[in-house]
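Grab a pencil and work through these exercises with the structure in view. Each task comes with a solution that goes step by step.

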Amino acid sequence: GLGAAFLLAWEWASRTGVIEPVLFPPPSKVAAAWWFLVRSDFFPRHFRVTIVEIVVGFALGGAIGFGLGLLLATVRLVRLTLYPYIIAFQALPKVVLAPLFIIWFGFGPASKIVTATAICFFPVMINTVVGLRSADDEALKLFRSLRATRWQTFVKLRFPNSLPQVFAGLKTSLTLAMIGAIVAEFLTAADLGLGRLVAIYNLQIQVHMALAVVVI
């Protein structure tokens, strides 16, 4: 109800000139642009490239994040040596690394995938560490009393206990992978991709087309 009221108010304000219709096109015009895009011949190429960058970046980021989280949670030496550097890397805005990724990996999809990976691995890593180290103390005492090995404790207690946190980290990482891929397309002047389409439409001041891509 509230969303529909907002769209109706936006439509009325744009059509009556209360707000600038070029900068704030009415939702009906954005919907028409959306329909044009999904039926066009060129749009699937852009969409496919961005989806591949997101999926591959997410897969790599999730795998790296889980692997690092596993090492940090189970190997004390790794935790003491690597953790400060990982935190420092995470504190660095990944946008400033995008130009370096372009130099190292080129203007193709590889630089976008690396950017997505660098942005999205951290939530999985942190959630994996928290999940693996948050096993119930009483359960751990029970496993020790039953002479369970470290591997048995990991497989039957720590790993199952960590899964809710791991999947929560993956859920967050998927959103970040999308952000990383599209932002990298903005910064690298890519030939294809949803970010490239938005950049082109912004330069042409076709706000309704840019908003249609944002909706997609």
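**Exercise 1.** Which helices each supply at least two residues of the lining of the largest pocket?

*Solution.* Bear in mind as you go that this is a predicted model.

- Step 1: Start with the helices. Helix H3 (43–74), helix H4 (76–91), helix H7 (137–145) and H8 each put at least two residues into the lining of the largest pocket.
- Step 2: Look for the top contributor. That's H8, which gives the most, with 5 residues.
- Step 3: Now the centre. The lining has 15 residues, and Ala-73, Thr-74, Arg-150, Thr-153 and Arg-158 are the ones that lie nearest the middle of the pocket.
- Step 4: Sort the lining by class, and you get 6 nonpolar, 3 polar and 6 charged residues. The pocket's volume comes to about 400 Å³.

**Exercise 2.** Find the residues that line the second largest pocket, and work out which helix gives the most to that lining.

*Solution.*

- Step 1: Begin with the space itself, which is about 180 Å³ for the second largest pocket.
- Step 2: Go round the wall. You'll meet Phe-47, Thr-50, Ile-51, Ile-54, Met-178, Ile-182, Leu-194, Gly-195, Val-198, Val-213, Val-214 and Ile-216.
- Step 3: Match the wall to its elements. Two or more residues come from each of H3, H8, helix H9 (194–203) and helix H10 (207–215).
- Step 4: Pick the winner: H3 gives the most, with 4 residues.
- Step 5: Check the classes. This lining has 10 nonpolar and 2 polar residues, with no charged ones.

**Exercise 3.** How do H3 and H4 sit against each other, and which residues meet?

*Solution.*

- Step 1: Take the axes of H3 and H4, which come within 6 Å and cross at roughly 130°.
- Step 2: Name the arrangement. Angles over 145 degrees would count as roughly antiparallel and 65 to 115 as roughly perpendicular, so this angle makes H3 oblique to H4.
- Step 3: List the partners. From H3 come Leu-68, Leu-71, Leu-72, Ala-73 and Thr-74, and they meet Arg-76, Val-78, Arg-79, Leu-82, Tyr-83 and Ile-86 in H4.
- Step 4: Split this contact by class, and there are 8 nonpolar, 1 polar and 2 charged residues.

**Exercise 4.** Describe how H6 packs on H8.

*Solution.*

- Step 1: Locate the pair. Helix H6 covers residues 109–132 and helix H8 covers residues 150–188; their axes are 6 Å apart, at an angle of about 155°.
- Step 2: Use the cut-off of 145 degrees for roughly antiparallel. The angle is over it, so H6 is roughly antiparallel to H8.
- Step 3: Add the handedness: H6 passes H8 in a right-handed crossing.
- Step 4: Tally the contact of H6 with H8, which has 15 nonpolar, 13 polar and 3 charged residues.

**Exercise 5.** Now for another neighbour of H6. At roughly what angle do the axes of H5 and H6 cross?

*Solution.*

- Step 1: The axes of helix H5 (residues 98–105) and H6 cross at roughly 135° and come within 8 Å.
- Step 2: H5 and H6 are therefore oblique to each other, and their crossing is right-handed.
- Step 3: On the H5 side, Phe-101, Ile-102 and Phe-105 make the contact, while H6 brings Ala-110, Ser-111, Val-114, Thr-115 and Ala-118.
- Step 4: By class, the contact of H5 with H6 holds 6 nonpolar and 2 polar residues, and no charged ones.

Conventions:
Residues numbered from 1 in each chain as written. Predicted model: local features only at pLDDT ≥ 70, side-chain atom pairs only at ≥ 80, totals over all residues. Heavy atoms only, no water. Axes fitted to C-alpha atoms, helices over the stretch in contact; angles between N-to-C directions. Parallel < 35°, antiparallel > 145°, perpendicular 65-115°, else oblique. Left-handed = near helix turned anticlockwise from the far one by under 90°. Nonpolar A, V, L, I, M, F, W, Y, C, P; charged D, E, K, R; others polar. 1 Å grid on protein atoms, 1.4 Å probe; cavity = no way out; pocket = protein on both sides within 12 Å on 5 of 7 lines; lining within 4 Å. Points joined across faces, edges and corners; volume = space filled by probe spheres on them. Contact = heavy atoms within 4.5 Å.
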